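Here is a short briefing to read beside the model. Keep the viewer open and follow the topics in turn.

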Amino acid sequence: MRDDTIAAIATAPGQGGIGIIRISGSEAERILREIFRPAGFPADAPWESHRMMFGTIRDGGETLDECMAVVMRGPKSYTREDVAEIQSHGGTQVLRRILEAVTARGARLAEAGEFTRRAFLNGRIDLSRAEAVMSLIRAGGEQERRAAVRQMKGGTADFIRKASDELYTLQAGLAACIDYPEEISDEEGAGTLHEGLSRLTETLKRSVDERSARLIYDGMQVTLFGIPNAGKSSLLNALIGQEKAIVTAIPGTTRDTVEGEMILDGIRVHLTDTAGMRDTEDPIERIGVERSERARQNADITLLILDSSRDICEEEREWIRQLKDSDAVILNKSDLSPVITEETVERVRPGIRCMKVSALDEGSLRPILDFLRKSAEIQDQLAVTQPRHLEAVKRAVGHLEDAMRTLETWTPDMAATDLQAAQNALSEITGDRADEKLLDRVFSDFCVGK
Ligand SMILES: Nc1nc2c(ncn2[C@@H]2O[C@H](COP(=O)(O)OP(=O)(O)OP(=O)(O)O)[C@@H](O)[C@H]2O)c(=O)[nH]1
Ligand SMILES: [Mg+2]
């Protein structure tokens, strides 16, 4: 591990009330002392650790800013090294000049995620907690933030370490069978192992809820679909409370997909309004229609919008039949006298969810919101949510299943190899076993200064 001193601007680029420069490494305090003079302290007085001081930053006789600064001596710091932080005014030029003054005195510019990488390498946090830090910074939805906090508090690491301990016990059992074949019969050994392995496999499988994980990180894709003039754009606008899509009485108004976003119970819902589906000679509209079709295919949920004041057409019947059970039909324009009713839809597709609304009456949209809310429900206490972790757990499960198969023919040496492979996959999550390449991959996703 490199033990030189690193520095970076930790706050986001641009103008802000304050900006923070962070320095970590054995030279951190010396560098800060050379450029920062606290007000009301004799120049050579010792500084207290973790105590914020007010003063001036100077470089070559020039004052760069008046600011706050603090020294946090290791190991009681984020990286467990000596850390110094300067809180200056948050202007691009101020921060740049201070950072230059710091690097001129021997610090190196930190790479993306390097502070957190040091926290990990110095044993302060495991890899899953390190990743949680970045997830928290990135969280755009409340569910994502909650999952990140759970992971940061060690939820993922605890769960994985417990599974890993169980696996170690099973590995020890298998090793005993291999070493003392005369004392443990094959059937007995295989039976106990098989039981333990299937229990562990089930626990791990239950923790892999990819749908919920995707909802947390990517949100839910909802597509509004239907023939021209059904009121798709009006509904998009009403749902997001913004005049995002153009609405007119002319069929074929929407030519391209239009996106809107709302947050329901902490989950981001991406709504896509599409061009009305019809056969058309117009080349631009045709491209729009193709995009509508694609949006429907990529959607988690399709809302088929019908204008309930006119008769249903054959194409609409076909779409109703094609809907997934989790999709829904929206009978729009319910303020006009109805031609299509819930019964009409029920006859085409018994059991499909159907809601009567009017885009002109916001209050009538409640059923749609409740329906989407219900669709976005997730298991809240998920232990494993991050894609990298899910992938590793799935790999571990695969190896455990291989091991169970090899046990059926009692080839314990092969089973031992499978169990070790499963163990390795689990330890990638906490980083108990992580090579440089894995760390590079994880930390390159971080921002500089974290
Ligand atoms: N009375 C009534 N009119 C509505 C309702 N929803 C939409 N409209 C009207 O229906 C017409 C078409 O609405 P749009 O929202 O543009 O329909 P669209 O499905 O997006 O149409 P395309 O973009 O052409 O595919 C407009 O004149 C709307 O004002 C409703 O609930 N009730
Ligand atoms: Mg439209």
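In what order do the 7 strands of the open sheet stand? The order is β3-β4-β5-β6-β2-β1-β7, with mixed pairing. This is a predicted model. A second open sheet has 6 strands, and a ligand is also present, with 23 residues around it.

**The sheet of 7 strands**

- β3 (36–38) and β7 (108–109) are the edge strands. Each has a single partner, so one side of each lacks a neighbour in the sheet.
- Strand β4 (residues 53–59) pairs with strand β5 (residues 62–72) in the antiparallel sense, over 7 bridges. D59 has E62 in β5 as its bridge partner.
- β4 and β5 make a hairpin with 2 residues between them. In the turn, G60 has a positive phi of about 55 degrees.
- On to the next pair: β5 and strand β6 (residues 83–90) are antiparallel, with 5 bridges. Here V70 is matched with E85 in β6 as bridge partner.
- Strand β1 (residues 6–9) runs parallel to β7, and 2 bridges join them. I6 stands opposite R108 in β7.

**The loop between β5 and β6**

- P75 is found in this loop. A cis peptide bond joins G74 and P75, with omega about 0 degrees.
- R80 lies in the loop between β5 and β6 as well. R80 is not a glycine, yet its phi is positive, at about 70 degrees.

**Helices on the sheet of 7 strands**

- Helix α2 (residues 92–104) lies across β1, β2 (16–24), β4, β5, β6 and β7. Its direction is at about 150 degrees to β6.
- Helix α3 (residues 114–121) lies across β1, β2 and β7. It runs at about 135 degrees to β1.

**The sheet of 6 strands**

- The order is β9-β10-β8-β11-β12-β13, again open and with mixed pairing.
- β9 (258–264) and β13 (353–356) stand at the edges. Each has a single partner strand, so one side of each is left without a neighbour in the sheet.
- On average, neighbouring strands of this sheet are turned by 25 degrees against each other, direction ignored.
- Strand β11 (residues 301–307) and strand β12 (residues 328–332) are parallel, paired over 5 bridges. The bridge partner of L304 in β12 is V329.
- Helix α10 (residues 283–298) packs on this sheet and touches β8 (220–225), β10 (267–273) and β11. The helix α10 direction makes about 140 degrees with that of β8.
- Helix α11 (residues 314–322) also packs on the sheet, touching β8, β11 and β12. The helix α11 direction makes about 155 degrees with that of β11.

**The ligand site**

- Which residues are closest to ligand 1? They are K232, S233, S234, G252 and T254.
- Helix α9 (residues 232–240) gives the most to the shell around ligand 1, with 3 residues.
- By class, the shell has 9 nonpolar, 11 polar and 3 charged residues.
- The side chain of S233 places an N or O atom 2.8 Å from an oxygen atom of ligand 1.
- A polar backbone atom of G276 is 3.1 Å from an oxygen atom of ligand 1.
- N332 has a polar side-chain atom 3.1 Å from a nitrogen atom of ligand 1.
- How much of ligand 1 does the protein cover? On its own, ligand 1 has 640 Å² of accessible area, and the protein covers 89% of that.

Technical notes: Residues are numbered from 1 along each chain as its sequence is written. Chains are lettered from A and ligands numbered from 1 in the order in which they are written. This is a predicted model: local features need pLDDT of at least 70, side-chain atom pairs count only at pLDDT 80 or more; totals for chains, interfaces and linings use all residues. Side-chain values use heavy atoms; hydrogens and water are left out. Two strands pair if DSSP finds at least two bridges between them. Helices (H or I, at least four residues) and strands (E, at least two) are DSSP runs, numbered from the N terminus. Axes are lines fitted to C-alpha atoms, for helices over the stretch in contact, and angles run from 0 to 180 degrees between N-to-C directions. Contact means heavy atoms within 4.5 Å. A residue is near a molecule or strand if one of its heavy atoms lies within 4 Å of it. A polar contact is a pair of N or O atoms within 3.5 Å; within protein, one must be able to donate a hydrogen and the other to accept it, and residues adjacent in sequence count only if both atoms are side-chain atoms. Accessible areas come from the Shrake-Rupley method with a 1.4 Å probe; for residues, only the protein chains shown count as cover. Ala, Val, Leu, Ile, Met, Phe, Trp, Tyr, Cys and Pro count as nonpolar, Asp, Glu, Lys and Arg as charged, and the others, Gly among them, as polar.
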